[in-house]
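Hi,

Here is the structure I promised to pass on. My notes follow below it.

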Amino acid sequence: MRKTSDMPRRQMALSLQMIADELDDRLWDFTIQTGDQARFYSCRAFAAGEVPRPGVLYLLPPECGGFPWDQYPYLSLGDRPGQAEHICVHGREFVETVNEVLRIFQRFRDFEAELNWIVGHHGSLNDLCAAAMVYLQNPVYIHDSVFVILALPCHVEGMLELEYNQETGKYFIPLWLVEDFKFSEGYRDTLRQKKAAIWDTSQYPYHMRSLYVNIWDLNYYRARLLVNELHAPLRPGDRLVVEYLADYVLMILRREDMSARQNRRNLVSTLRGLISTGEADRRDLRILLTTLGWRERGRFLLATLQTQSGENDITSSSVLRSSLSEAFAGTFILFYEQELCMVADLDEARLDPASFRSKLAPFLRDSLMYAGVSLPVESVFHLNTAYVQANYAMDRVFRLRSHQWCMSFDSCALEYLLSRVETPTPLPLYLAPVPRLLRRYDQEHGSQYFVTLKTFLQNERSIPRTAAALIIHRTTLLYRLEKIFSLTRINLDDETARVYLQLSFFMAEEEE
């Protein structure tokens, strides 16, 4: 039993020109008078006394009387000079003519049925173009508004040579031709076309004509369907055929939009679970990894972005998300906890953390946003840790309110770790006494021993670097250090003692 289609079935109608094209292909002798307005869903032999109906092509036998020649289209044997659109066939028998017209209608109905089947049973744009190639006897393909190929069932000799983008895995119109289009008034004219039209050899490379139709979604230009004149001459009636095809293309594009939105919702749900809990359903995770081209283990970076005002502007954030998606390969961007959240596979993006932050900086500057960036984590199951890191770095940026728009967690990791230290009695009681002793001595004697020792440790006990940092002479520094050692009796040759002392300096400043 066939699955019921979830798409509406469409019925196309033939024009008199389409019928004439088929007769011409078979070398029939006929004359035609058409304004290309009449459309036919069926045909039948006219019987005397019958009341004609719209949408029917009437086949008139010899010696036929009573037909309203000036009101309804018809196909007759011999000359029947009426005012309505008509075809007059010469040198054929009536039965032969009826059978030929029935064959034309059946061929068109078979084509229509195949298109409806493709659309109704989740076929692709490639399937649609393949069916059109058989009917039109010429190569058919579709590209979008930025010249990326959406459908190309096969590439035959004589067609435009396409270029391939390894990052996106898609073919596109060569950049040299795209550049020509940018400065071509003739090409810009084609973008305004609402009906099918011919792109002749003066406009197209390789001296090849094409029939094209723009795919419009309301007033938005989405794509273009082209038929290259390589295997058979383009026929006048083909224009209506490609206009019908444009409707089917739009249905598939809209269906893909809906599917993409649903898929995105599913991917967002899975990522939100990983960010909030570090867990995900294995089936959902497999879909996520397959869709994004990620591996479960790799190098993942997470960044959170907020406006510098701290207000949640969805419109501007959505525009920024679109720009970031184009610029950062291997990165999925979503809204999470009223923030814009970037999850990047660094291997897929071919970036290291420093390059990622450098590439992000211009977007932050132009959008007046702050960003906190995590350390790389080695599994998608650690994205919850990455989010904690990025969020803490973001909070740090907001607290500082400096010219630094982007902060990495490693810049504030020590502060984060020490803020998580719990002691049964007040924390300052566990710090080394040296910073407090020097602070008190400085206050009583007007010296600068606290900052001197702190800077000396920060510069890894380098005399030249410490003197330069404090903007004092080397001799002055040596005098201060000698006084500090005599006051504190500290041993800086002990690595553990140095780390403990540095932490105490850091936490003493945080306490203040």
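**Helix α11 and the rest**

Start with α11, residues 383-400. Its 18 residues should span 26 Å at 1.5 Å a residue, and its end C-alpha atoms are 26 Å apart, so the expected and modelled spans agree. Bear in mind that this is a predicted model.

The buried residues of α11 are L383, A386, Y387, Q389, A390, N391, Y392, A393, M394, V397 and F398. Next after the helix comes R401. Its phi is positive, near 50°.

**Cores**

The largest nonpolar core holds 60 residues. Within this core, I19, L225 and L245 have the most contacts. Helix α6, residues 238-277, is the top contributor to the core, giving 12 residues.

What does L225 touch, once neighbours within four places in sequence are set aside? The list is V140, Y141, I142, L211, Y212, V213, I215, V242, L245 and V249. So L245 appears twice in this section: it is among the residues with the most contacts inside the core, and it is in contact with L225.

There is also a second, separate core, of 22 residues. Among its members are Y336, C341, L383 and A390. Two of those names, L383 and A390, are also buried residues of α11.

**Cysteines**

How many disulfides does the structure hold? The count is 0. C129 is in no disulfide, and its nearest cysteine sulfur is that of C154, 10 Å away. The reverse holds too: C154 is in no disulfide, and the nearest cysteine sulfur to it is that of C129, at 10 Å. A disulfide would need the two sulfur atoms within 2.5 Å.

Are these two cysteines buried or exposed? C129 has 1% relative accessibility, so it counts as buried. C154 has a relative accessible area of 31%, so it is partly exposed.

**Cavities**

The count is 3 cavities of 30 Å³ or more. The largest has a volume of about 50 Å³. It is lined by 10 residues. Closest to its centre are H143, I173, L177, F181 and W199. Which elements give two or more residues to this lining? They are β8 (140-144) and α4 (175-182).

Best wishes

Key: Residues are numbered from 1 along each chain as its sequence is written. This is a predicted model: local features need pLDDT of at least 70, side-chain atom pairs count only at pLDDT 80 or more; totals for chains, interfaces and linings use all residues. Side-chain values use heavy atoms; hydrogens and water are left out. A nonpolar core is a set of buried Ala, Val, Leu, Ile, Met, Phe, Trp, Tyr and Cys residues joined through side-chain atoms within 4.5 Å. Buried means under 20% relative accessible area, exposed over 50%, partly exposed in between (1.4 Å probe, protein chains only). Helices (H or I, at least four residues) and strands (E, at least two) are DSSP runs, numbered from the N terminus. Contact means heavy atoms within 4.5 Å. The expected span of a helix is 1.5 Å times one less than its number of residues. On a 1 Å grid over the protein atoms alone, a cavity is a set of points where a 1.4 Å probe fits but cannot get out, and a pocket is an open set with protein on both sides within 12 Å along at least five of seven lines; lining residues have an atom within 4 Å of a point. Grid points are joined across faces, edges and corners, and a volume is the space filled by probe spheres set on the points.
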